[in-house]
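I opened the notebook for a quick pass over one model. The plan was to look at charges, cavities and the core.

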Amino acid sequence: MMAMDDDMESGALRSYQDKPRTFPSMRTKPHTPPIIRMLMGINVRVLLILLLLVFGGVFYIGAKTSPVIVFVFSICIMSFLLSIYLTKWVLSKDEGPPEMVQISDAIRDGAEGFFRTQYGTISKMALLLALVILSIYLFRTTTPQQEASGLGRSTSAYITVAAFLLGALCSGIAGYIGMWVSVRANVRVSSAARRSAREALQIAVRAGGFSALVVVGMAVLGIAILYAAFYVWLGVDSPGSMKVTELPLLLVGYGFGASFVALFAQLGGGIYTKAADVGADLVGKVEQGIPEDDPRNPAVIADLVGDNVGDCAARGADLFESIAAEIISAMILGGTMAQRCKIEDPSGFILFPLVVHSFDLVVSSVGILSIRGTRESGLKASIEDPMAILQKGYSVSIVLAVIAFAASTRWMLYTEQAPSAWVNFALCGLVGIMTAYIFVWITKYYTDYKHEPVRMLALSSSTGHGTNIIAGVSLGLESTALPVLVISVSIISAFWLGQTSGLLDETGNPTGGLFGTAVATMGMLSTAAYILTMDMFGPIADNAGGIVEMSQQPESVREITDVLDAVGNTTKATTKGFAIGSAALASFLLFSAYMDEVSSFAREPFKEVDIAVPEIFVGGLLGSMLIFLFSAWACSAVGRTAQEVVTEVRRQFIERPGIMDYKEKPDYSRCVAIVASASLREMIKPGALAIVSPIAIGLVFRILGHYTGHPLLGAKVVAAFLMFATVSGILMALFLNTAGGAWDNAKKYIETGALGGKGSESHKAAVTGDTVGDPFKDTAGPSLHVLIKMLATITLVMAPVFL
């Protein structure tokens, strides 16, 4: 970047007309992470021996734990091998002409530079929070189960902190992997678009597939290794030691660490990407009338960098956290139910989530590989709808997931006490799979411009900016109804199927209801790797379109990337809807686990929360308030940063009038620096609010309960806080994600030539709607469903503080 600026000051650059497709070097010195440099410096044979020793140790621990763990390890390693194949396949594709490569290099440098700075900040905060957790656990009370197993305070404290830091580390790696592949695949998709839409689609899907398989595989492998290590180290199930049904509670720190990193990654990345996008659109499209991703726009590189750090890195950490939270909560509930029912071998119910997600890797891999290229090129290859192709792959994964889920339940959940229980749980899984499919369809209906809602929103743009905003808000509000009805039906159906499974506790009461809901959540996430693939496809396609526009490729190439970009907007909205649904179910499970944990520490029953008690009702109000305040701070952070970008872009157009005539180069690096520093600064306040609020509220009402003779008041108020925050957060996230996605695709629909096309008054109104929706769908909305799960995990980890 600095080299480009020096060339500009010295006048060494010729005009765009002289060099229409030659960009000066925009790269800084290439950076390789220290751990990668260290590995690259090791002799290949030594590295292979070290890997064999590590794998040998992992399999040895797994074999001492359970054959199921060995199976899980094997599937995860095979998925990693497939991901390596996909990486090599993608990287073998050509990068196109030099002008494309130089733009891609600039995007890569910006993304990797921000990632290093952002995750450096997050790691410092994680270490600080780890010290807080350690202090709390060293002085907290112990449960009767811990006392019986000889697990002291210090051991419990160090285990929780280690799990927290491992979860945070793995979540960070998941984010890096998401970004690493996207900044290398974008230029290859751009180059492929010059030949065939189908080839460009296949490259984008396989690049997303690499990231998805690694993220899901890491989530499953990390929990499996942690479980096996604790099992062997603590001598679980041996006389005088911990019972296997209590072991999953030690993994909660892993989920908290993952959600902590995911929240800040989503906030920082979301602020970055949408501040740059809003600034670029408002000045470039509306004021100057230049196309999207035009090389004359000073904010265009920052916008393209934002796609990678906001949509790819943050989404990788987000889905990693979703899977980790769901697996751990299901393991806890499976162990609790097995203990109550006195099942002879409870390991099947505890390890079932790991098996389901191992099969997820298999069925999603088949779905990803089912999307193939075509020998035809040009117009013939662009006829088929990319969304239809992605849907076919999803349908393949869904069908295989149903078969795999039924086989998993028969293998893991069969018990002599209730021989037909596995059938009920298989049906619970089917409920979850159907819920996921319906969620995908609902979100597609409200955000794809092939359907009426988005077309009506686009039509409202023809009468002005105000009517576009009104129509978009009303569409978002309406879009909350169907998903909530689907979630409600799925929770009740799964609970009823689990309750009637035939599993009874010691007193003869049915006790499989909550585990049935957990199984439905697993069913919903049983194709998570393919869902993440579709999500990653969106920003890769968006980046490809930007590279095509900046390198001034023919209009026919831009048409292909525009179609892929529009489909990518729909897939991103679809996967966000999917994530909200899974967050709702996972939070419900973690809420139940929290009540069980409080009951264990308090040594008295904690079965219900009475919101007719004033203090508890106030806790609920505070939970709902948190959602609105968090969303407001996230959106205002984007607004403030976007104002800085708008001011800078306007300044450059005024001070460098030759930019519009291609006689001067914009200073791209200045906008990148503005959004990078501002997003890191702005992510702290809403993130701190999310972490401090439940702890502060629990402590205040614990003290109040102590003086009023209500020892469980703090825990009950936090339960109401969590319950109301979950309900409000689900509705708010649905509204924000769907409204933002609909506004974006209404703009895309007009850009296809409808209602006057690009540059028309309708288009300007649609751009305004899109800029309003940007912080909704890519900052506040995605951050909310991470927040919901983080609140559930932090209350579970901090439960002793509230007593």
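**Salt bridges**

I began with Arg108, which counts as buried at 11% relative accessibility. The model is predicted, so I took every value as computed from it. Arg108 pairs with Asp105 in a salt bridge, with 4.0 Å between the closest N and O atoms. Asp105 is buried too, at 13% relative accessible area. The two are about one helical turn apart because they sit three residues from each other in helix H5 (residues 98-139).

Next I looked up Lys748 and Asp565. Their side chains form a salt bridge at 2.6 Å, N to O. Lys748 is in helix H24 and Asp565 in helix H20, so this pair ties together parts 183 residues apart in sequence. Both residues are buried.

I then checked Glu761 and Lys764 in helix H25. They are three residues apart, about one turn of the helix. Their salt bridge spans 4.0 Å, N to O. Glu761 is exposed, with 58% relative accessibility. Lys764 is partly exposed, at 27%.

I noted a total of 25 salt bridges in the structure. I also found a network of them linking Lys274, Asp277, Asp744, Lys747, Asp770, Asp774, Lys777 and Asp778.

**Cavities**

How many cavities of 30 Å³ or more does a search of the whole structure find? I got seven. The largest holds about 110 Å³ of space. Its lining has 16 residues, and Lys274, Asp277, Glu292, Asp542 and Asp744 lie nearest the centre. I sorted the lining by class: 15 charged, one polar and no nonpolar residues. Helices H9, H10, H20, H24 and H25 each supply at least two lining residues. H25 gives the most, with four.

**Core**

I turned to the largest nonpolar core, which has 266 residues. Tyr227, Ile301, Leu354, Phe425 and Tyr594 touch the most other members. Helix H8 (residues 197-233) contributes the largest share of this core, 24 residues. I listed the contacts of Phe425 beyond four places in sequence; among them are Met337, Phe349, Phe405, Leu413, Leu503, Phe515 and Val519.

**Two buried polar side chains**

I looked up Ser83 in helix H4 (residues 67-91). Ser83 is buried, at 2% relative accessible area. Outside its sequence neighbours up to four places away, Ser83 touches Phe210, Leu213 and Val214.

Last came Gln652, in helix H21 (residues 614-655). Gln652 is buried as well, at 1%. Leaving aside neighbours within four places, Gln652 contacts Pro298, Ile659, Pro666, Asp667, Arg670 and Cys671.

Notes: Residues are numbered from 1 along each chain as its sequence is written. This is a predicted model: local features need pLDDT of at least 70, side-chain atom pairs count only at pLDDT 80 or more; totals for chains, interfaces and linings use all residues. Side-chain values use heavy atoms; hydrogens and water are left out. A nonpolar core is a set of buried Ala, Val, Leu, Ile, Met, Phe, Trp, Tyr and Cys residues joined through side-chain atoms within 4.5 Å. Buried means under 20% relative accessible area, exposed over 50%, partly exposed in between (1.4 Å probe, protein chains only). Contact means heavy atoms within 4.5 Å. On a 1 Å grid over the protein atoms alone, a cavity is a set of points where a 1.4 Å probe fits but cannot get out, and a pocket is an open set with protein on both sides within 12 Å along at least five of seven lines; lining residues have an atom within 4 Å of a point. Grid points are joined across faces, edges and corners, and a volume is the space filled by probe spheres set on the points. Ala, Val, Leu, Ile, Met, Phe, Trp, Tyr, Cys and Pro count as nonpolar, Asp, Glu, Lys and Arg as charged, and the others, Gly among them, as polar.
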